[in-house]
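Colleague: I am new to this structure and would like a close look at a single part of it, the charged side chains that pair with one another. Please take me through them slowly, and then through whatever surrounds them.

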Amino acid sequence: MSLYQQVKARLDVAVRAQDVEVRKSLKTFVGELETRAKRPGGELSDATVIKLAKQFIQNNDDTLKHKELASLRDENELLSSFIPKQMTESELRNVIAGLDAKDIGGVMKYLKTHHLGLYDGATASKLAREMLV
């Protein structure tokens, strides 16, 4: 089941259970996902769901710096549940070591193609620089 389908299923559960806060949060999230999918080149891939969830969480965190709102903390927790576990530094090292890449661009291209949304780009770039020197 794709992440988008998981989000939609969780939204359906919230609607049936009359969970207003979860329903409101996920309706906004699903609406934004569907809007992006309708744009040229848009899609409902897992990477899109992860990227948007991270953006929503970042926006909420920015708001929380100025005003404490339990509803935003709850929304962050809900959205975080749809983000898969990120690769650790050692896992990234193993993937990079197994590649036949000659430059950082090749490493990053491979990671983007095969592990999109599952690693931190800055960490991956730093490790690639270290390992390819």
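Modeller: Let us begin with Glu-91, which forms a salt bridge with Lys-85, their closest N and O atoms lying 3.8 Å apart. The term salt bridge is used here for a side-chain nitrogen of Lys or Arg within 4 Å of a carboxyl oxygen of Asp or Glu. Before going further, please keep in mind that this is a predicted model, in which local features need pLDDT of at least 70 and side-chain atom pairs count only at pLDDT 80 or more, while totals for chains, interfaces and linings use all residues. Residues are numbered from 1 along each chain as its sequence is written, and side-chain values use heavy atoms, with hydrogens and water left out.

The two partners of this pair sit in unlike surroundings: Glu-91 is partly exposed, at a relative accessible area of 32%, whereas Lys-85 is exposed, at 62%. These words follow fixed limits, buried being under 20% relative accessible area, exposed over 50%, and partly exposed in between, with a 1.4 Å probe and protein chains only. A further pair is made by Asp-100 and Lys-102, whose closest N and O atoms are also given as 3.8 Å apart, and both of these residues are exposed. Salt bridges that share partners also join Glu-89, Arg-93 and Glu-130 into one network. In general, side chains of opposite charge can pair when their charged atoms come close, and in this model the count of such bridges comes to 9.

Another of these bridges links Glu-32 to Arg-36, with 2.9 Å between the closest N and O atoms. Both residues belong to helix α2 (residues 20-38), where they are 4 residues apart, about one turn of the helix. Helices (H or I, at least four residues) and strands (E, at least two) are DSSP runs, numbered from the N terminus. An α-helix has 3.6 residues a turn, so residues three or four places apart point the same way. Glu-32 counts as partly exposed, at 24% relative accessibility, and Arg-36 is likewise partly exposed, at 23%.

Arg-36 leads on to another feature, since it is among the residues that line the largest pocket, together with others including Glu-43, Lys-51 and Lys-112. On a 1 Å grid over the protein atoms alone, a pocket is an open set of points where a 1.4 Å probe fits, with protein on both sides within 12 Å along at least five of seven lines, and lining residues have an atom within 4 Å of a point. About 200 Å³ of space lies in this pocket, a volume being the space filled by probe spheres set on the grid points, which are joined across faces, edges and corners. Helix α3 (residues 46-64) gives the most to the lining, with 3 residues.

To return to the part of the chain that holds Glu-91, we can look at helix α5 (residues 89-97), where Leu-92, Val-95 and Ile-96 are buried. Seen down the axis of α5, these buried residues fall within an arc of 95°, so they line one face of the helix; the arc is that of the directions from the helix axis to the C-beta atoms. On the other side of α5, Asn-94 and Ala-97 are exposed. What covers the buried residues includes α6 (104-115) and α7 (121-132).

In the loop between α6 and α7 we find Leu-118, which counts as partly exposed at 25% relative accessibility. Leaving aside its neighbours within four places in sequence, Leu-118 is in contact, meaning heavy atoms within 4.5 Å, with Pro-84, Lys-85, Gln-86 and Met-87. Lys-85, then, the partner of Glu-91 in the opening salt bridge, is also one of the residues that Leu-118 touches. Within helix α7 itself lies Ser-125, which is buried, at a relative accessible area of 14%, and which touches Ile-104 and Met-108 when residues up to four places away in sequence are not counted.

For the wider setting, the chain has 7 helices and 0 strands, and buried residues make up 31% of its 133 residues.
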